[in-house]
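Here is a walk through one model, taken from the overall fold down to single residues. Have the structure open while you read.

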Amino acid sequence: MRTTSFRALLLSTAALFATGCDSLFSIEAEAEEICKTEPDLSFPAAFPGTASVQQTLTFPLGDFADPLPEEADLETELRLKVFEVTADTDISGIERASVSVRKPGSEDTILIGEFRRTGSGGPTQTLRLSGSGAVDLLDLARQDELDFVFDARGSLPTEEWTATLRACAGIRARANYFDLVF
């Protein structure tokens with residue numbers, strides 16, 4: 001895991017009349033980039049033709065939300081910066097792939113990135129999923145870790161294979177102190 005930046009800011013806004021009372025006091029926590037690489041993950045052999053495979057990567061948030069008050073509602077967002085799959089075999093048969101985020105132990109997911117094959121490019125051992133923009137995490141920012149769920153569909157390798165998954169994301173949370181003070 002690599003965290004390039006972490007900051008917590010206590011903001012006091014004098015623009016009470018311009019923006020309303022809600023922005024009077026707030027605290028914001030931001031990790032510009034958290035990265036995790038998981039090498040040599042095993043994938044099963046697929047029957048010839050179309051199939052799907054899924055793999056989960058535990059993504060650490062650590063103490064990201066510690067400066068945020070427990071009682072406050074959070075506005076949170078996660079932005080996928082990189083999700084890359086590097087295999088030890090040709091994975092050009094993958095037509096669609098997605099990565100979603102979920103709370104560990106939960107089945108509820110939020111889509112954060114996708115890949116769709118366009119054209120008939122040659123053999124490749126790498127897929128790079130594009131982020132779908134910032135997504136609201138609701139209360140998930142209070143977790144120590146999240147699950148990133150990689151799901152691939154298409155003509156998968158017919159023999160067992162391994163891949164390295166690399167994910168980088170930025171996360172930001174904002175708690176409003178106004179309701180706690182008054």
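What follows goes from the fold to strand pairing, then salt bridges, and ends with charged residues on the surface.

## The fold

Keep in mind that this is a predicted model. The protein has 182 residues, and 42% of them count as buried. Its secondary structure adds up to 2 helices and 11 strands. If you trace the chain from start to end, the order reads β-β-α-β-β-β-β-β-β-β-β-β-α.

## How the strands pair

Strand β11, residues 161–176, is a good place to begin. Which strand does β11 join through 14 bridges? That partner is β3, residues 25–43, and the two run antiparallel. To find the pairing on screen, look for Ala31, which sits opposite Ile171 in β11.

β11 also pairs with β5: 13 bridges hold these two together, again in antiparallel fashion. Here the residue to click on is Phe83, which faces Ala167 in β11.

Phe83 turns up once more when you look at β8, since it also stands opposite Leu129 in that strand. β5 and β8 (residues 126–131) are antiparallel and share 4 bridges. From β8 you can hop on to β7, residues 110–116, through 2 bridges, with the strands antiparallel here too. In that pairing Gly113 lies across from Gly131 in β8.

Ala167 is also handy for placing a residue from another strand. Val99 belongs to β6, residues 94–102. Val99 and Ala167 are 68 residues apart in sequence, yet their C-alpha atoms are 9.9 Å apart in space. Is Val99 buried or exposed? Val99 counts as buried because its relative accessible area is 0%, and the cut-off for buried is under 20%.

## Salt bridges

Side chains of opposite charge can pair when their charged atoms come close. How many salt bridges does a search of the whole structure find? The count is 6, and three of the pairs are laid out here.

| Acidic residue | Basic residue | Closest N and O atoms |
|---|---|---|
| Glu77 | Arg172 | 3.2 Å |
| Glu38 | Lys36 | 3.5 Å |
| Glu114 | Arg116 | 3.5 Å |

Take the bridge between Arg172 and Glu77. This pair links distant parts of the chain, with Arg172 in β11 and Glu77 in β5, 95 residues apart. Arg172 is partly exposed at a relative accessible area of 30%, and Glu77 is partly exposed as well, at 25%.

In the bridge between Glu38 and Lys36, the partners fall into separate classes. Glu38 has a relative accessible area of 27%, so it counts as partly exposed. Lys36 comes out at 17% and therefore counts as buried, the limit being under 20%.

As for the bridge between Glu114 and Arg116, Glu114 is partly exposed at 32% relative accessibility. Arg116 is partly exposed too, with a relative accessible area of 48%.

## Charges and exposed residues on the outside

Now for acidic residues on the surface. Asp63, Asp66, Glu70, Glu71, Asp144 and Glu145 come together there as a patch of negative charge. One of them, Glu70, is located in the loop that runs between β4 (50–60) and β5 (74–87). Glu70 counts as exposed because its relative accessible area is 61%, and exposed means over 50%.

Glu160 is another residue to look up, in the loop between β10 (145–155) and β11. With a relative accessible area of 66%, Glu160 is exposed. What separates Glu160 from Ser42 in sequence and in space? They are 118 residues apart along the chain, but 7.3 Å apart from C-alpha to C-alpha.

Finally, have a look at the backbone of Asp40. Asp40 has a positive phi of about 55 degrees, although it is not a glycine. Asp40 is placed in strand β3. Its side of the story on accessibility is plain: at 59%, Asp40 counts as exposed.

How values were computed. Residues are numbered from 1 along each chain as its sequence is written. This is a predicted model: local features need pLDDT of at least 70, side-chain atom pairs count only at pLDDT 80 or more; totals for chains, interfaces and linings use all residues. Side-chain values use heavy atoms; hydrogens and water are left out. Patches are made of residues with over 30% relative accessible area and no salt bridge: like charges are joined within 9 Å, nonpolar side chains (Val, Leu, Ile, Met, Phe, Trp, Tyr) within 5 Å. Accessible areas come from the Shrake-Rupley method with a 1.4 Å probe; for residues, only the protein chains shown count as cover. A salt bridge is a side-chain nitrogen of Lys or Arg within 4 Å of a carboxyl oxygen of Asp or Glu. Lys and Arg count as positive and Asp and Glu as negative; His and the chain ends are not counted. The place of a charge is taken as NZ of Lys, CZ of Arg, CG of Asp or CD of Glu. Buried means under 20% relative accessible area, exposed over 50%, partly exposed in between (1.4 Å probe, protein chains only). Two strands pair if DSSP finds at least two bridges between them.
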